[in-house]
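Here are some questions on how the parts of this protein chain pack together, each followed by a reasoned answer.

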Amino acid sequence: MLDFFSCKWRDFKEYTSHLPIVIFYMYLWKNNRALLFKTTFVSYLLPLLLEISPWFLSPRKAGSILRLHRIKLTHNMTTKKPFSPERTFEYFYLTIIHAFIYCLVVHLRSRVISFQMFS
């Protein structure tokens, strides 16, 4: 019975060792560990952290709240309700937060990609 599991593990290890992503990460492990950790952080850990973070740190959550505020503002304008400076300020504030988070994530990804290209 132990031989059965070791045989399966051996097959799995042989199969995964020839995958391009595994070859790439093994190359980074041998040649540039700092870049490997940066790549792992930006590609896997950062999206996970952003998804479990509160709304003001998650671009997806901030974007959905921003979309709801835009719908409310548009609805108020089309139904000729009185102008609400508070909602406009909230929409402006959320737009700034969303743009900042999105630009930060794009900047981090582009930096890591440029490190990969030139190393």
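Q: How many aromatic pairs does the count come to?
A: The model is a predicted one, and rings are taken to pair if their centres lie within 6.5 Å. By this rule the count comes to four.

Q: Are the rings of F24 and Y25 stacked, edge-to-face or tilted?
A: The centres of the two rings, F24 and Y25, are 5.5 Å apart, and their planes stand at 50 degrees. Stacked pairs have planes under 30 degrees apart and edge-to-face pairs over 60, so the pair F24 and Y25 is tilted.

Q: Which residue forms one aromatic cluster with F24 and Y25?
A: F24 itself is partly exposed, having a relative accessible area of 32%. The residue that joins F24 and Y25 in one aromatic cluster is Y44.

Q: Is helix α2 parallel, perpendicular, antiparallel or oblique to helix α3?
A: The axes of α2, residues 20-31, and α3, residues 33-52, come within 6 Å of each other and cross at roughly 135 degrees. Because angles of 65 to 115 degrees count as roughly perpendicular and those over 145 as roughly antiparallel, α2 is to α3 oblique.

Q: Which residue of α3 lies over the face of W29?
A: W29 in α2 is among the residues that meet α3, whose side of the contact includes R33, L35 and L36. At 3.9 Å from the ring centre of W29, the residue lying over its face is R33.

Q: Is I97 buried or exposed?
A: I97 has its place in helix α5, residues 85-117, and touches W55 and F56, leaving aside residues up to four places away in sequence. Its relative accessibility is 13%, and since buried means under 20%, I97 counts as buried.

Technical notes: Residues are numbered from 1 along each chain as its sequence is written. This is a predicted model: local features need pLDDT of at least 70, side-chain atom pairs count only at pLDDT 80 or more; totals for chains, interfaces and linings use all residues. Side-chain values use heavy atoms; hydrogens and water are left out. Rings of Phe, Tyr and Trp (its six-membered ring) pair if their centres lie within 6.5 Å; planes under 30 degrees apart count as stacked, over 60 as edge-to-face and the rest as tilted. Buried means under 20% relative accessible area, exposed over 50%, partly exposed in between (1.4 Å probe, protein chains only). A charge sits over a ring if NZ of Lys or CZ of Arg is within 6 Å of the ring centre and within 35 degrees of the ring normal. Axes are lines fitted to C-alpha atoms, for helices over the stretch in contact, and angles run from 0 to 180 degrees between N-to-C directions. Helices (H or I, at least four residues) and strands (E, at least two) are DSSP runs, numbered from the N terminus. Angles under 35 degrees count as roughly parallel, over 145 as roughly antiparallel, 65 to 115 as roughly perpendicular and the rest as oblique. Contact means heavy atoms within 4.5 Å.
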